[in-house]
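Me: I would like to go through this model by asking how each label is earned. Please set every value against its definition before concluding.

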Amino acid sequence: MSLRLGDIAPDFTAETTSGRINFYEFLGNSWGVLFSHPADFTPVCTTELGKTALLKDEFDKRNVKVLAVSVDPLEKHKGWVKDINETQNTDVQFPIIADEDRKVATAYGMIHPNASENFTVRSLFVIGPDKKVKLMITYPASTGRNFNEVLRVIDSLQLTANYSVSTPADWKPTEDVIVSTALSNEDAEKKFPKGVKVVKPYLRYTPQPDL
Ligand code: BEZ
């Protein structure tokens, strides 16, 4: 059975470019991003890991720990990191798992045999501090992911974990959010003193409450 939103993220211990890591210990009470790429020394993957490294401060700001994975061996990862740093003008500091036995890839369903028998696709999981899966995205090998979109979703996940709101299509931090339909108008006015704009009984907006 493949993983679904709300499931507990499987724990594992794996060899990485930063040594042997137990996933849950690595995460501690932080949020986590676990993402796979098909293979080392390939062009799209090189840009993806470079972009993630360039966004280090953004992930840190959100208390998110990042961990990459592919089925390539450790020595290959280490050689490739030098290329990523050189070509993407960055310094990869997050660990990359050498998942040669596919233990992590199998636990997270990162191999899609009809896409490739041998390589992981571009899977990405956001894990909450409760170790539950909050987001799953899957891209094909030919399309690099948008890591600013990953940050945007994390902003939404962290906001909606703390307030009775959800975020509308294309929402960006600082924009108005949607009041939970579980709240009456009266309770919504109390919870959101900055104001509640009622468009329809089921569609009510309020300014982002944590600003
Ligand atoms: C790439 O990263 O460019 C790539 C990796 C595997 C298959 C196709 C493209």
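Me: How do you know that V44 has a polar contact with the ligand?
Reply: A polar contact is a pair of N or O atoms within 3.5 Å (within protein, one must be able to donate a hydrogen and the other to accept it, and residues adjacent in sequence count only if both atoms are side-chain atoms). A backbone N or O atom of V44 lies 2.7 Å from an oxygen atom of the ligand, so the pair meets that cut-off. For C45 the corresponding backbone distance is 2.8 Å, and an N or O atom in the side chain of R122 is 3.1 Å from a ligand oxygen. This is a predicted model, in which local features need pLDDT of at least 70 and side-chain atom pairs pLDDT 80 or more, while totals for chains, interfaces and linings use all residues. Residues are numbered from 1 along each chain as its sequence is written, and side-chain values use heavy atoms, without hydrogens and water.

Me: What makes P38 one of the residues around the ligand?
Reply: A residue is near a molecule if one of its heavy atoms lies within 4 Å of it, and P38 is listed with T42, P43, V44, C45, R122 and A141, so P38 counts as near the ligand.

Me: Why are β8 and β10 called edge strands?
Reply: Two strands pair if DSSP finds at least two bridges between them. In the open sheet, ordered β8-β9-β11-β10 with antiparallel pairing, β8 (165–166) and β10 (197–200) each pair on one side only. The 3 bridges joining β10 to β11 (203–206) satisfy the definition, so these two strands count as paired.

Notes
Helix = DSSP H or I, 4+ residues; strand = E, 2+ residues; numbered from the N terminus.
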